[in-house]
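Student: Let us work through this structure by question and answer. Please put it up first.

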Amino acid sequence: MRLLPTPAQAAALEATLRAVNRAANEVSRIAFTRKIHAGRDLRRVTYGQVRAAFGLGSQPAQHTIKKVADAYTALRANLRNGTYGPANSPRRLKAESKPISFHPLAAQPFDDRCLSWDHDARTISIWTSTGRAKNVAFTGSAAQLAQLRKHRRGESDLLSRDGMWFLLATIEIPDPPLREPDGFLGVDLGIANIATTCPATPPAAAATATPATGAARYSGAKLNAVRHRHRELRRRLQAKATKSAKRLLKKRRRKEARFAADTNHVIAKRIVTEAQRTGHGIALEDLQGIRDRVRLRKPQRVTLHTWSFHQFGSFITYKARRAGVVVLHVDPSFTSQQCSRCGHVDRNNRPSQATFSCTSCGFAEHADVNAARNIATRGVADWAVSHAADDAA
């Protein structure tokens, strides 16, 4: 929800975030120095100090300590999962060698004791470090406001971004029951084409499958052009290093991310809508660890590492759950080298990035469409295996 505070209310909100994040940094220092990361133990050691030194109320102090404990829990999980690289790597050593720090305006959670909503007046009352701020206006689309009134649950996070104020409120909407899929729609993710979709070919028709039957390609040319333009602009501004250049860098720092997220939203919605219309499930590649597995030239690495595979997959997943569409993640191995007609696997089946030509049966197809059809076929097989196991149990 977008907040519309008066200047005095905005100053109170800013002072509040600065106070709780100063407290969070102190709690983080104690947690790091004394190696206390469990929420209960950290609360016992720091609660009194946080309230006395930073003037926080009971609930804000509790939430601040919990925020720090959750941050260390996330850090330990990332270290275990190798997110910061292998042991003794520079990035991992840097993450382990200092306390977690919080930005002065980092988001802060508020529960219903600190934050109340008046949906009719579209205002909130929120605790601040200078006293309760009442009648702070908020706004949103009609659909968002209706969902907020009906489904809001739990805490809301106060967030400041680019001079604007937001409340990130959690809503819980019951998921519709998943429909039994009538086949699967395979989704191949890439860089030249952000996504390519194709349904699985029925076994009886596999030998006579025609190219591009039911396929759709979502080009990444526009997104890649925008990213290239932003990358060159950043390079020039960073080299210039003047105050005006730094101001422009700060102003534009999230513009590319917003454009990419909007592109991912639009494509994900179209894919889910198509699957819902045709009664298909959606089969996605399991691309976990792709950045560690793939070996590319430097220009391609830049594109790969700035493309949000995880974000796109998460958009499809939540939109599909809302629509009652089944989503499966399948093994992506050799999907780009395997013939979707005869099953022959050969590196020579890919004479170029966009072309697939089977060296065994002669089947020719756009490479991404062929890969998407293979992914769909694996989705059908995985669904049959999982349901056979369920029936046996």
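Student: Which residues of α5 are exposed, on the side away from the buried ones?
Tutor: Helices are DSSP runs of H or I, at least four residues, and strands are runs of E, at least two, both numbered from the N terminus. Exposed means over 50% relative accessible area, buried under 20% and partly exposed in between (1.4 Å probe, protein chains only). On that other side of α5, the exposed residues are Ala142 and Lys150.

Student: Which pLDDT do side-chain atom pairs need to count?
Tutor: Residues are numbered from 1 along each chain as its sequence is written, and side-chain values use heavy atoms, with hydrogens and water left out. This is a predicted model: totals for chains, interfaces and linings use all residues, local features need pLDDT of at least 70, and side-chain atom pairs count only at pLDDT 80 or more.

Student: What arc do the buried residues of α5 cover?
Tutor: The buried residues are Leu145, Leu148 and His151. The arc is taken over the directions from the helix axis to the C-beta atoms. They lie on the same side of α5, because they cover an arc of only 165°.

Student: Which strands help to cover those buried residues?
Tutor: Look for contact, meaning heavy atoms within 4.5 Å. For the buried residues of α5, the cover includes β3, β5, β6 and β7.

Student: In what order do the seven strands lie in the sheet?
Tutor: Two strands pair if DSSP finds at least two bridges between them. The sheet is open and its pairing is antiparallel. Its edge strands, each paired on one side only, are β2 (108-110) and β3 (115-118). The order is β2-β6-β7-β1-β5-β4-β3.

Student: What angle does α5 make with β6?
Tutor: Axes are lines fitted to C-alpha atoms, for helices over the stretch in contact, and angles run from 0 to 180 degrees between N-to-C directions. Helix α5 (residues 142-151) packs on the sheet, and β6 is among the strands that it touches. Its direction makes with that of β6 an angle of about 135°.

Student: Which residue in β7 stands opposite Arg2?
Tutor: Strand β1 (residues 2-4) pairs with β7 (residues 164-171) in the antiparallel sense, over two bridges. Opposite Arg2 stands Phe166.

Student: How far apart in sequence are the parts tied together by Trp117 and Phe138?
Tutor: Rings of Phe, Tyr and Trp (its six-membered ring) pair if their centres lie within 6.5 Å; planes under 30 degrees apart are stacked, over 60 edge-to-face, the rest tilted. This pair is edge-to-face, at 5.2 Å centre to centre and 80° between the planes. Both residues are buried. Trp117 lies in β3 and Phe138 in β5, so the separation of the tied parts is 21 residues.

Student: Is Tyr318 buried, exposed or partly exposed?
Tutor: Phe315 and Tyr318 both lie in helix α11 (residues 309-323), three residues apart. They form an edge-to-face pair, 6.2 Å centre to centre and 90° between the planes. Phe315 counts as buried because its relative accessibility is 10%. At 34%, Tyr318 is partly exposed.

Student: Which residue's backbone oxygen lies 3.0 Å from a side-chain polar atom of Gln9?
Tutor: Gln9 lies in helix α1 (residues 7-34). It is buried, because its relative accessible area is 13%. A polar contact needs N or O atoms within 3.5 Å; within protein, one must be able to donate a hydrogen and the other to accept it, and residues adjacent in sequence count only if both atoms are side-chain atoms. The backbone oxygen is that of Lys134.
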